[in-house]
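The following note sets out several points on the fold, the core and one helix pair. Please read it alongside the sequence and the model.

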Amino acid sequence: MEKDITGLINAYTIEGEINWYVIFKLIQNTQNNHEKIKTLEKKWFESKSDEIDEKMPNLNKTDSDNQEWIDLFIKAQTLTHKDPASDEVQAIVERMTEKVEGLFGDDPEIHNRIWEVRKSPELSMDMGWYPLGEDLLEFLDRAFEIHDRKRGFEN
């Protein structure tokens, strides 16, 4: 029960509201579609699916690493009115990149696969991940494109 409340509080903190449809859909998916989630994880992440499942940020977790992810998303949400190339936004994207590299190493293919799933609210929910809002996703997508170009990466 405590994890459910933590997840609700964290979802509200990021979005400023509780999207009950999303909450109920996620609960339904994780309770009834465990095999489907595992199949999707294997399809998208192959041999790294268990590692990704274990290490991905989760709204129900209360550890400091997870809290930093939530804080980064909140900061990004408050900056969506700014230029994605601004130093402030790029600092957030850089920290997100550092965190992903810390979790999964310097593997651009796995990073891109995680981001592709994350960018799709439907696929995120199918995988049991809390979907981020479309405006935030579009903003972060532009910011990551700028960040990757500066680092010399092409998607």
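1. Helices (H or I, at least four residues) and strands (E, at least two) are DSSP runs, numbered from the N terminus. On that basis the protein has nine helices and zero strands, and its elements run α-α-α-α-α-α-α-α-α from the N terminus on.

2. This is a predicted model, in which local features need pLDDT of at least 70 and side-chain atom pairs count only at pLDDT 80 or more, while totals for chains, interfaces and linings use all residues. Residues are numbered from 1 along each chain as its sequence is written, and side-chain values use heavy atoms, with hydrogens and water left out.

3. Of the 155 residues in the protein, 39% are buried (under 20% relative accessible area, 1.4 Å probe, protein chains only).

4. The largest nonpolar core (buried Ala, Val, Leu, Ile, Met, Phe, Trp, Tyr and Cys residues joined through side-chain atoms within 4.5 Å) holds 30 residues. Phe 45, Ile 52, Met 96, Phe 104, Trp 129 and Leu 140 touch the most other members. Helices H3 (34–45), H5 (64–78), H6 (87–104), H7 (108–119) and H9 (134–151) each supply at least two residues of this core; H6 gives the most, with seven residues.

5. H5 and H6 pack at an angle of about 150°, with their axes 10 Å apart (axes are lines fitted to C-alpha atoms over the stretch in contact, and angles run from 0 to 180 degrees between N-to-C directions). The two helices are therefore roughly antiparallel (over 145 degrees).

Technical notes: Buried means under 20% relative accessible area, exposed over 50%, partly exposed in between (1.4 Å probe, protein chains only). Angles under 35 degrees count as roughly parallel, over 145 as roughly antiparallel, 65 to 115 as roughly perpendicular and the rest as oblique.
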